[in-house]
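Colleague: I should like to request a close look at one part of this model, set out for a first-year student. Please explain how the strands are arranged, and then move outward to the parts around them.

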Amino acid sequence: LRRKIRWNRKAKCWEVGGHQQVVELIKRPEIKANYLPSFLAHLPPGSVSRFQFLVDFFSRWPLFQDGPDQHRTHKALARMFSASRVHALEPRVLAEVERAVGELAQRQESWDAVKDLAKPLPLRVIVIILGFKLEDTEKLQRWADTVEEWFGGQGDVLERFENCQRVLKEYSDFADGFLRKVESQGEDCVARDLLGAKDRGELHEAEVIPNLFFLMAAGHETTSSLLSSSLFRILSNSSELQSVRKSLADQAKRIENEQITEEFLRITSPVSRMYREVGEDFRYEGCRFRAGTSVQFLNFEANMDPAVFSDPEAFRPNRENSKKHVSFGLHDHLCPGYRLGVLTARAVFEKLFSKIPELRLAVSENQVKRQELDSISTLVSLPVLNH
């Protein structure tokens, strides 16, 4: 058994994989969420000042904030995806899911459940919810992909920083004009909620445009990963999960299907890890955490901790504590839009297996390749057939 807290000599960081340890350590005041300095440390000496726009942009995200600012920003964003707000947005989500799955149900040839469904649908949903026009989806995806490459890409560091800063400036110019239209038209959308939070003093003006991007970019990648990984598990374990398919095909079983979705979140861990830095020295469970040291919270290990989840490798649709997973973070760093992600995934599962009950893999399981994008784990493709 691997130790639940261990030092990774190669990566020169602490790895925390125990569920209890993740839950306790992430709340420690000595552990800081702002790991931007770690990214900047890869730059050549003297070049950091060239990327002040990038630094200022990301420092507005709650992902890179600590203390009162982080609490304030996270609270404001989470309110935009409260249970009542997501319930009000549900008809828009269901309409887009109905359209997408309805088109795929007509396919006579094989289709790709990643490229045709899991990848584009969550982005289209968040684009609609935020208030963007669907014709803007392609460039929004391009901007989000460039930022993802900055987070975990390979290649020349300076080039990655330059590309990322360039698209952030492009996006900011676009978002400025977009928000002016939203403000003048009074459209009911989450972008309007952001402006309302600014007017109430819950967000600073300089935080609106960066966090509009944060909700767009972070809001669809995790749902995409959840969908692709869950569908692969269902289709490759047809006998084991036959009862799950039947439940998902029955939209009247909403509560049961929400529970199934939470168990998929636990067992697939779409966000595989969370990064932190040690702000000041402290000891925990015999380990000395030194200031300036990096910490990785391993969500996928915490979600498989047998001390919390009995028989963790097994998919149990009725598991009572599935919601204890840390796939969407926790505490003040719980993903603000997690309710929308769960709703979108559940709606896709229900529509897919009710409209295409015979859905199956079009290739052997060993031909399905997984792709690791820094902290996001997903599939490259998932060819399927309707019959």
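Modeller: The account below begins with a sheet and then turns to loops, helices and a second sheet.

The model is a predicted one. Its open sheet of 5 strands follows the order S1-S2-S8-S5-S3, and the pairing within this sheet is mixed. Strand S1 (5–8) and strand S3 (31–32) occupy the edges; each has a single partner strand, so one side of each is left without a neighbour in the sheet. As general background, the strands of a sheet pair through backbone hydrogen bonds, and they may do so in a parallel or an antiparallel manner.

Strand S8, which covers residues 294–298, is a good place to begin. Of its 5 residues, 4 are buried, so S8 is largely enclosed by the rest of the structure. With strand S2 (residues 13–16), S8 forms 4 bridges in the parallel sense. With S5, S8 forms 5 bridges, and here the sense is antiparallel. The mixed pairing of the sheet can be followed at one residue of S8, Phe 297. Val 16 stands opposite Phe 297, and Met 274 also stands opposite Phe 297.

From S8 the path leads to strand S5 (residues 273–278) and on to S3. S3 and S5 run antiparallel and are joined by 2 bridges. Within this pairing, Ile 31 has Val 278 of S5 as its bridge partner.

The loop that precedes S5 deserves attention as well. Ser 269 lies in the loop between helix H13 (254–268) and S5. What is the phi of Ser 269, a residue other than glycine? The angle is near 45 degrees, which is a positive value. Ser 269 has a relative accessible area of 4% and is therefore buried, the limit for that term being under 20%.

A second loop residue invites comparison. Asp 311 is found in the loop between helix H14 (299–302) and helix H15 (338–355). Its phi is likewise positive and near 45 degrees, again in a residue other than glycine. Is Asp 311 buried or partly exposed? Asp 311 has a relative accessibility of 44%, and so counts as partly exposed.

Helix H15 leads to the helices. The axes of H11 and H15 come within 10 Å, and they cross at roughly 35 degrees. The crossing in which H11 passes H15 is right-handed. On the H11 side, the contact is made by Thr 223, Leu 226, Leu 227, Ser 230, Leu 231, Ile 234 and Leu 235. On the H15 side, the residues are Gly 341, Thr 344, Ala 345, Val 348, Phe 349, Leu 352 and Phe 353. Sorted by class, this contact of H11 with H15 contains 10 nonpolar and 4 polar residues, with no charged residues.

Helix H11 (residues 205–236) also meets helix H4 (residues 67–79): their axes come within 12 Å and cross at roughly 60 degrees. H4 and H11 are therefore oblique to each other. H4 passes H11 in a right-handed crossing. The contact involves Arg 72, Thr 73 and Leu 77 of H4, together with Glu 207, Asn 211, Phe 214 and Leu 215 of H11. By class, the residues in the contact of H4 with H11 comprise 3 nonpolar, 2 polar and 2 charged.

One residue has contacts that include members of both H11 and H15. Arg 245 is found in helix H12 (residues 242–248). Its relative accessible area is 10%, so Arg 245 is buried. Leaving aside residues up to four places away in sequence, Arg 245 touches Ile 234, Leu 235, Phe 353, Ile 356, Pro 357, Glu 358 and Leu 359. Among these, Ile 234 and Leu 235 belong to the H11 side of the contact with H15, and Phe 353 to the H15 side. By contrast, Glu 170 is 75 residues from Arg 245 in sequence and 43 Å from it in space, C-alpha to C-alpha.

The last element is another sheet. This open sheet of 3 strands has the order S4-S12-S9, with antiparallel pairing. Strand S4 (111–112) and strand S9 (360–361) stand at its edges; each has a single partner strand, so one side of each is left without a neighbour in the sheet. S9 pairs with strand S12 (residues 383–385) over 2 bridges in the antiparallel sense. In that pairing, Arg 360 stands opposite Leu 385 in S12.

Key. Residues numbered from 1 in each chain as written. Predicted model: local features only at pLDDT ≥ 70, side-chain atom pairs only at ≥ 80, totals over all residues. Heavy atoms only, no water. Pairing = 2+ DSSP bridges. Axes fitted to C-alpha atoms, helices over the stretch in contact; angles between N-to-C directions. Parallel < 35°, antiparallel > 145°, perpendicular 65-115°, else oblique. Left-handed = near helix turned anticlockwise from the far one by under 90°. Contact = heavy atoms within 4.5 Å. Nonpolar A, V, L, I, M, F, W, Y, C, P; charged D, E, K, R; others polar. Buried < 20%, exposed > 50% of the residue type's maximum accessible area, 1.4 Å probe, protein only.
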